[in-house]
Amino acid sequence: MANHILLKNIEKHFNNNFNNALVLKNINLLIEEGDFVSIVGPSGSGKSTLLSIIGTLEKPSNGSVIFNEEDISGLNHKKLSDFRFHNIGFVFQQFNLLPTLTSIENVILPTISRRVNFKIYERAKTLLKKMGLEDKLDSLPSQLSGGQQQRVALARAIVNEPAWILADEPTGNLDSKTSMDMFLLLRNLNEEKNCGVIFVTHDRTLAQMSNRIIEINDGEVISDHHGKKL
Amino acid sequence: MIHFIFKNWIRQRERLILIIIGLLVMSIGLSILVSITETNKGTVQNTLEQNWKSSYHIVVRPEGVTSLPEDEGLLEPNFLSGITGGISLQQYQQIKAMEEVDVAAPIAILGYLPLSVKMDSFSSAKNEEGIYKFQYTETVENGYNKRIQAQHTKFLVSGPWYPNLSRRENPSETFGAFPWQNTSGEHVIISRNLLVGIDPVEEAKLVGLDKASTKYFESDDKPFVVDKTLNQLRIPLLLSSQPFTNTNYSFQLEKLNISLPDSKEEVQELMENIRDKGGESYLKTLESEKVTSSVYSSQDAYNSIFDRLLNKNEKSSRFVNTSTVLGEKIGPLTYKHNQSPFPERWQHAYKLEPKDTILPWAKDKTYAFREVQERFEETETTDRPNDFVRLDLNIIGAYDPSQLNIAKDPLTELPMETYRTARAKLVLDDTGKPVNPPVTLKATNNPLDFLLQPPTALTSLEAADKISAFTGGEPISAIRIKIKDVNSLTKGSQEKLERVAASISKQTGLKADITLGSSPQSVLTFIPENNSVPSLGWIEQPWVKLGSAFTILNETKLGYSGIIMTVLLVAVVYVFTTRLISYLTNRKHYALLLAFGWSLNQLKKLIILESVLLGLIASMTIWAVQIIIHFLFNTTFSFALFWLSGVAGFFIYFLGGILPAKMMELIKPYEAIKTGEISTNMKRFFYSNNILGVSFQYLFGKSRRTAISIISLAIPVTLLSYFIFITFRLKGVLYTSYLGEYIALEIGSIHYAATIIAIIMAILTTAEIMWQNIMERKPEISLLKAIGWQNQSVRKMVIYEGAFIGFFAGILSLVLSGLLILITYKTIDFQDSLFLFCLPILIPITAGSIGSLFPAEMAVRISPMEGTKK
């Protein structure tokens, strides 16, 4: 069993001077390699925080994140960034493209200052073509529609062929048609490349189409069940 | 509203720290500069006034007396000794009568006065009859080598020999020998003193000659004509107690190995035989045995003169002849321009022209760089008995030149005082190799030498006038003038001196040079081979650079104002930039407030109020720092400057708020929901496939922001480069004279302080700009970290951005400072300024990089989580 993610007794609280807000508590999850998981829940339920912890953007207050038998919650900055580079691709609700870089530059952004054993431009071009953006290679984010921007962001997430794509409400800013297109792209990637997908969403319809649906409320997993297979 | 401002400050803590650092650097920097400038300005003036004080303000000379083109404003050391008259008593009275003239001390160079001193005699050594060889050798020592300057040999016959010759015949020419007579064996030394006529009253006022003398000129010490037909005068004389030269006079007596027959006839026969064999030249070939010898120094001769004449020691066997004739009158040196072997060290170099003159008493043993001048003017009448001025000396006393009221510090001495030898150091030998250590040269008693002794025999102007009545011509060589109420080196005194000098020239037609505010300047002179005396090499002498102190004072004052202006401008740029950037960053925030229903005036008030608060803090800090500096270092305190600097600090911040307040009008409320400034149509020069590229594209993308950053860094750097250029130029001016070198050391510190302050401000400007950039790009940076960028890469990216801004600012400031220099100085010397051209590029790149360090660390600390959700 390779590239699975194991969350053990995860707890997260944010300290401020007045109160101790407990955002996540007692999270125990095993996410298997190549799975397609959606995390649903109301605003402020802690689903994005959970995704950040899985993606090593944040450290849990208690508990541990075990990736492929290795506890990664105790790694230092440098090792964590290496881990993210090799294993995780992020897609965000706000697309988070660098406004001063073109599509193709945004796609290759993760590989900058790193040594990789593939031709980054060719791979970036291939990926963007696959996303239907072959004529937008040199466009700036501001010249792209929301759906196009999110596809660039997705291409950027998978440029280094990570084991997991973590998507934080990737369709939150898109209309339902483009949302569905986006979802199908993720689904395709999951099937073709055996790349695991964890995505946080409000959209129950989309969530229903994933392999596994984890529902969170007030920082706790309240349900964990299989979705309808397409 | 103040509450709102404070809250904003506290929320943006890092920015507040930067603002406070900037404020402190500016306030403290300005205060320190104001304090040390005020103090240093005083120091420079004091140094100039105290150390380079010449005992006179203006020197008046006849027109056309110098051999040297004075276009460089240079005056040769002890220039006075080359001028032998040319100013009439009437002209002197005219100058003396001028209202603003306090002291007018004339100096009449009359020529050399030979004083013969009988030291001893060989009479007692000659105890048996025979032929004696009497040899006289005069050896001069110039501090570097000894040289025989004169040598005479005479043969004396002690015995029954009375050459039967006619009056016209000289026994020495015929027989090669003299019969030994009473005075034949005497050791007579001729001490040569430069005789100068002075006005006793004025000289006492000018240099305190009366207080330095054993006895001074009194009313009954008047010169008078003894015999008009013989040109004979009796003159009062004051002698210097220092001879200033070092000459050895050696007398040697040898006895020839010839026995003298007893009878008169046989002796006569022997002498005729000698005559037939060649006389003196034959005698010189004969062997001899040394009998005795005596050696005397210049000082010995001097001591004898004083002992005999001043102490009236009648018992002394030594005898000084107070009847003498006036000796040689000497002309000036002739200088030719020469290529300096080390132009960086000695800007000016000359070569002395040898003269074809021989001293009668030294014959072929000496050399000449000066001409002996005709004493008597050519006249129609030829009833003069002969061309001599006969003098009976009334020696009234001695003066000690070291007791005179003239500058004595050898480091600061001006080489134009009347009472000392010009300083000269042999620094390079005749092949141009350095003489190590350099040798200080002394004057010799050769009146035709390049280095002369100062006047050592003083008489009254009246005596000089009576002498010139015999010889014709005007007696006075130069007049040294002191002007009333000129005590300091100020613009006022300079103008006054210029006015007086101009009116002297106008009224008398004489040349009047201002010597107050002159500085010694090192000049190299080559002493060539001359009359078979080999070349000495290169001598270094302090010459007089006329008016240099005023130049230095003006230039340093200009420099000081320049420094203050530069730092002020840099401060202004810093404040304006940071306020503008702050406005740009908060624009969305302001738009939001507008959208909520704030009025435009409220927003403007907010900005102005913030500026007023910052301005108040600035002026308080400036005042506090100045007070602390004043009490800690006891600096000069100028209330006007104190007040002004505080007000300036306030207004810089206050005005810095005006533009952003005005720009509030440009904000539209809907901007609150619009995303930031991004140019949409830009060309790609290259793909960003490395960190450098990402940095570059970012800067290029936010072109407006980047332009402000570049300009705000370029302005201080431009000023700084220009300012450093001025500093170097000033040093160039300063290092041309000793005085300047001294001053340069004194003002160096303030220039460095100003430079450092300006650079710190430039760094802070970059830091603040970069900080704002980072704050705005938090989401981007956290994204970069989320997608796996390492801290090191993020850090590099920010520093590259700073360096890029620096690089472009550098190119801009290179162009701007080049233009500024061109405008001010009309030319740019590319070779000399290469270093200066690197500065505008290197400083901003460094400043940009250093300024980015802090923002880079801020960027590194941004968590990858922060920006991913909005």
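**Figure 1. Aromatic pairs across the predicted model.** Searching the whole structure, which is a predicted model, turns up 26 aromatic pairs over all chains. The views below pick out a few of the rings involved.

**Figure 2. Close-up of A:F36 and A:F183, an edge-to-face pair.** Here the ring centres are 5.4 Å apart and the planes meet at 75°, which is over the 60 degrees needed, so this one counts as edge-to-face. The two partners come from distant parts of the chain, 147 residues apart: A:F36 belongs to strand β3 (residues 36–40) of chain A, while A:F183 belongs to helix α6 (residues 176–192) of chain A. A:F36 and A:F183 are both buried.

**Figure 3. Close-up of B:F251 and B:Y296, two aromatic rings meeting edge-to-face.** Centre to centre, B:F251 and B:Y296 are 5.8 Å apart, with 65° between the planes. This contact ties strand β10 (residues 247–256) of chain B, home of B:F251, to strand β11 (residues 288–297) of chain B, home of B:Y296. Along the chain, the two are 45 residues apart. B:F251 is buried, and B:Y296 is too.

**Figure 4. The aromatic cluster around B:F251 and B:Y296.** Zoom out a bit and B:F251 and B:Y296 turn out to share one aromatic cluster with B:F122, B:F134 and B:Y136. One of these cluster members, B:F134, also has a charge for company: the charged end of B:K154 sits over its ring, 4.7 Å from the centre.

**Figure 5. Over in chain A, A:R123 on top of A:F118.** In this view an arginine does the capping: A:R123 places its charged end over the ring of A:F118, 3.5 Å from the ring centre.

Methods: Residues are numbered from 1 along each chain as its sequence is written. Chains are lettered from A and ligands numbered from 1 in the order in which they are written. This is a predicted model: local features need pLDDT of at least 70, side-chain atom pairs count only at pLDDT 80 or more; totals for chains, interfaces and linings use all residues. Side-chain values use heavy atoms; hydrogens and water are left out. Rings of Phe, Tyr and Trp (its six-membered ring) pair if their centres lie within 6.5 Å; planes under 30 degrees apart count as stacked, over 60 as edge-to-face and the rest as tilted. Helices (H or I, at least four residues) and strands (E, at least two) are DSSP runs, numbered from the N terminus. Buried means under 20% relative accessible area, exposed over 50%, partly exposed in between (1.4 Å probe, protein chains only). A charge sits over a ring if NZ of Lys or CZ of Arg is within 6 Å of the ring centre and within 35 degrees of the ring normal.
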